[in-house]
Amino acid sequence: MNNQRHMEIQTQPYVHYDHTHPCKYARWTARESFQFMYARPWQRVNDFYLNIVRGNLSLQLLFEPESLPDHNDTGIAALSDKTELESVASEDRCGRWARLTFKIVLSYHGGSFDGWQKQPGLNTVQSIVEGSLGKFVDEKKTQLLKDKGLPVEGCAVVAGRTDKGVTGLRQVCSFYTWKKDVKPRDIEDAINYAAPGKLRVISVSEVSRVFHPNFSAKWRRYLYIFPLTDGVYREQSNGDGEFCDSSRHNEIHNSSSRDELENEKKSYVFSVSKVNRLLQKLEGKLLSYKMFARDTKASRNEGPPTECFVYHACAIEARLPTTDCGEETKVMCVELVANRFLRKMVRVLVATSIREAAAGAEDDALLKLMDATCRRATAPPAPPDGLCLVDVGYTEFDSEKCFILIK
């Protein structure tokens, strides 16, 4: 019975979203997009991120050195002076103001954890961090947790949760305690000891009690590294950034128009410069990205909760550092900076940009997709392996600090 049902599901036609926007080639279906995105040597990207987390490499290796002034060991531009929220008054504090609040900047490898958020039975960044902070919890809270039969753990508030597989290079979280003898170095040592080689503290500093990693942030920066080779390591670029004609007949059709689509061709090679032009149309605009979000609550599917202001959106071709075996991987780097991001928004933007670039769509294709009425109009999320949260900003955004500076 189950085998028969499985066969029926396999023979059912795949319903593709009916796009009305013009393009040179037919667009990929969701299944084709998924297969194209995942047929990449993602382990090379994972290894690159892991070496950055361990302090062996830096992001600077992907870009022109002269465009990256003042970097730390992760290759990320040095943050500006402390904001008012991050400064600590020197006078003695008493009562509820005696609470100590610490800003913790973390670097962790996404492939080694099941995401940030603590979940039962899973190895998450939050569970390790909060477990490490347990020794710094004040006596009153410690007793309260013991009375309830709960483990003695600290509470870490984060700037933004990351999914399983997504790396964080300068993730920001905060922790507070009424224990007065806690030193930043003690917190750093405790967390570094918990998961060496996978989780590393960049810095710990005492900040104002009104500082909030999420609500105080003015912008977030993400980087997506997409290998330009497929699963058998064939180049997907012609080297000069121009579109290469490598098309084949569509094998998955819309059941309502199968005859019409059988003769249409689809390109499976895209231009990095085309992806860049698509993304740059998003810069400097406050738009609703609900079509580019996934798994969001109903309350965040309409109106202002879906609106994001993109400061910077660019893509360039780069190369990962040569491996010990002498292998070099061409990659596309996508840099996105915005005041906020919706769930899986970056991954959907990257996948949809690649799909539209391969189809030869117009440069404003992403803007037109904002008006779609169904999320099937955008591509499935790109793999989490290529995504990393670069840093979080608490001062006004400065475009000169970006990696990709395209005039």
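Val137, Asp138, Lys141, Gly154, Cys155, Phe175, Tyr176 and Trp178 line the largest cavity of this predicted model. About 50 Å³ of space lies inside that cavity, and the structure holds one cavity of 30 Å³ or more. Sort the wall by residue type and you get five nonpolar residues, one polar and two charged. Under the scheme used here, Gly counts as polar and Lys and Asp as charged, so you can pick out Gly154, Asp138 and Lys141 from the wall list yourself.

Now for the open space. The largest pocket holds about 1000 Å³. Its lining is made of 32 residues, and the ones closest to the pocket's centre are Gly160, Arg161, Phe341, Leu342 and Arg343. As for the make-up of this lining, 12 residues are nonpolar, eight are polar and 12 are charged.

Where does that lining come from? Four elements each put in at least two residues: strand E2 (157-158), strand E5 (219-227), helix H9 (345-359) and strand E11 (387-393). Helix H9 gives the largest share, at three residues.

Strand E5 is worth a second stop, with Arg220 as the residue to look at. Is Arg220 buried or exposed? It's buried, and yet Arg220 has no salt bridge. The nearest side chain of opposite charge belongs to Asp391, 9.9 Å away. A salt bridge here calls for a side-chain nitrogen of Lys or Arg within 4 Å of a carboxyl oxygen of Asp or Glu, so Asp391, at 9.9 Å, doesn't qualify as a partner for Arg220.

What the Arg220 side chain does have is backbone oxygen to talk to. One of its polar atoms lies 2.8 Å from the backbone oxygen of Asn339. The Arg220 side chain also reaches the backbone oxygen of Ala159, at 3.4 Å.

Last stop: strand E9 (residues 307-319), where you'll find Phe309. Why does Phe309 count as partly exposed? Its relative accessibility is 26%, and the partly exposed class runs between the 20% limit for buried and the 50% limit for exposed, so Phe309 lands in that middle class. If you follow the chain from Phe309, Arg340 is 31 residues away, but in space the C-alpha atoms of the two are separated by 7.3 Å.

Technical notes: Residues numbered from 1 in each chain as written. Predicted model: local features only at pLDDT ≥ 70, side-chain atom pairs only at ≥ 80, totals over all residues. Heavy atoms only, no water. 1 Å grid on protein atoms, 1.4 Å probe; cavity = no way out; pocket = protein on both sides within 12 Å on 5 of 7 lines; lining within 4 Å. Points joined across faces, edges and corners; volume = space filled by probe spheres on them. Buried < 20%, exposed > 50% of the residue type's maximum accessible area, 1.4 Å probe, protein only. Lys, Arg positive; Asp, Glu negative; His and termini not counted. Polar contact = N/O pair within 3.5 Å; in protein donor to acceptor, adjacent residues only side chain to side chain.
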